[in-house]
Amino acid sequence: MKEMTSLERCMAVLNGQTPDTLPVIPQSFMFAVETAGRKIGEVNRCGKTMAECHIISQEKYGYDGCVIDFDDATIAEAVGAKVIYRDDEPAIVDENQPVLKDLRDVYDMPIPDPATSGRLNEWLEATRYLKEKIGDHVFIMGRADQGPFSIACLLRGTTQFMMDLLTEDKKLIDDVLEYCRKISAVFAKAQKDAGAHATSIGDAFAGPNLISPEMYREFALEPEKRLTEEVQAYGIPFSIHICGNTNGIIKDMGTTGAKILEVDWKLDMEEARALVPESTVLMGNIDPSYPLVTGTPAEIDEAVKQLIQKTKGRSHIISSGCAMGRNTPEENFKAFIAAARKYGSYEEIMKLNKKPTMS
């Protein structure tokens, strides 16, 4: 098969085709910053610098796409949340100073302007710069920070919002989540306008590390569905990432209509591929700790081989299962890319699916 550019192979997967080799899009913003010799505290308020870090890292290692991410605090900050900045770690929301001191405060909350509110425009500047410099051949996923349920937790304070779910009127909870969905959609659509090939949200607070599958279905699923519909109707593929062991909700996540699901390393990928529509791309899910940080290149090679065997390469983008550590050894990351190229080649995927190769 003719060799594709990184962008071409990513788009082939999104279009339901088998590429020359499965694309690799690592969750690598912290690793990229480290590769460029910077600290996250230096770049998290400068989109151009973040983009330059991605370019240095992508050109060094040759992976297929860059996921623009700064931290989990930006969209909450844009509507008034207090943020704690750190030198070596991503910024975080100060949940001891909640924006929503009462859930009813949501009715007076602003809709952010991506051009002027907080640091939203820095994320968009990273997208614009990457699109200009490498976007003709590298896939650019401009994350839109957090999803509805996670934003609600950050604005109210996670512990208090968990109590609210049990004590407050369901209509009020729905109104809070709808506000959070709206501001997430604003940012996601702005990523399309900035030139991203796809956009995404993280909704970790909606995952099993915090709430049960039943609560996910009651509170988080419908806002994710409506968000997905609105953003993809705007003309850009949408992705949802939920951390942790999502085996109990992966089938539900597949009903959101999101074109891509970014999945953590605890998910059973063979079962997920069977439960989720084949038109939905699974992006993941090598453990970013072991083997990527603490394992050997040989162990990484075997992990990637087993991963691809589980999905048979069908609608699959190879990635780390959650954000890569900035301390990932260079030789391990190179082994990760090499294994994806070896076991994810068109010929190997055809063998797994027992189809004749094209001449």
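Which residue just after H1 takes a positive phi? In this predicted model, that residue is glycine 16, with a phi of about 80°.

**View 1. Helix H1 and the elements that surround its buried residues.** Helix H1 spans residues 6–14 and is mostly covered, with seven of its nine residues buried. These are Ser6, Leu7, Arg9, Cys10, Ala12, Val13 and Leu14. They pack against four strands, E4 (139–146), E7 (260–263), E8 (281–286) and E9 (316–320), and against helix H14 (330–343). The positive phi of glycine 16 follows just after the helix.

**View 2. The largest nonpolar core.** This core comprises 106 residues, and those with the most contacts inside it are Phe149, Leu155, Phe161, Tyr216, Leu261 and Phe336. Helix H9, formed by residues 170–194, gives the most to the core, contributing twelve residues. A second core, separate from this one, has 13 residues, among them Leu14, Val67, Met141 and Ala198. In soluble globular proteins, nonpolar side chains tend to be buried together.

**View 3. The surroundings of leucine 261.** Leucine 261 is one of the residues with the most contacts inside the largest nonpolar core. When residues up to four places away in sequence are not counted, leucine 261 touches Ser239, Ile240, Ile250, Met253, Gly254 and Thr256, together with Val276, Thr280, Val281, Leu282 and Met283.

**View 4. The packing of helix H7 on helix H9.** The axes of H7 (residues 148–156) and H9 lie 8 Å apart and form an angle of about 110°. The two helices are therefore roughly perpendicular to each other, and H7 passes H9 in a right-handed crossing. On the H7 side, the contact is made by Pro148, Phe149, Ile151, Ala152 and Leu155. H9 supplies Val176, Leu177, Tyr179, Cys180, Arg181, Ile183 and Ser184. By class, ten residues of this contact are nonpolar, one is polar and one is charged. Phe149 and Leu155 of H7 also appear among the residues with the most contacts inside the largest nonpolar core.

**View 5. The packing of helix H6 on helix H9.** H6 (residues 120–134) packs with H9 at an angle of about 30°, and the axes are 9 Å apart. This angle makes H6 roughly parallel to H9. The crossing of H6 past H9 is right-handed. Leu120, Trp123, Leu124, Thr127, Arg128 and Lys131 of H6 meet Phe187, Ala190, Gln191 and Ala194 of H9. The contact divides into six nonpolar, two polar and two charged residues.

Notes. Residues are numbered from 1 along each chain as its sequence is written. This is a predicted model: local features need pLDDT of at least 70, side-chain atom pairs count only at pLDDT 80 or more; totals for chains, interfaces and linings use all residues. Side-chain values use heavy atoms; hydrogens and water are left out. A nonpolar core is a set of buried Ala, Val, Leu, Ile, Met, Phe, Trp, Tyr and Cys residues joined through side-chain atoms within 4.5 Å. Buried means under 20% relative accessible area, exposed over 50%, partly exposed in between (1.4 Å probe, protein chains only). Contact means heavy atoms within 4.5 Å. Axes are lines fitted to C-alpha atoms, for helices over the stretch in contact, and angles run from 0 to 180 degrees between N-to-C directions. Angles under 35 degrees count as roughly parallel, over 145 as roughly antiparallel, 65 to 115 as roughly perpendicular and the rest as oblique. A crossing is left-handed if the near helix is turned anticlockwise from the far one by less than a right angle, and right-handed if clockwise. Ala, Val, Leu, Ile, Met, Phe, Trp, Tyr, Cys and Pro count as nonpolar, Asp, Glu, Lys and Arg as charged, and the others, Gly among them, as polar.
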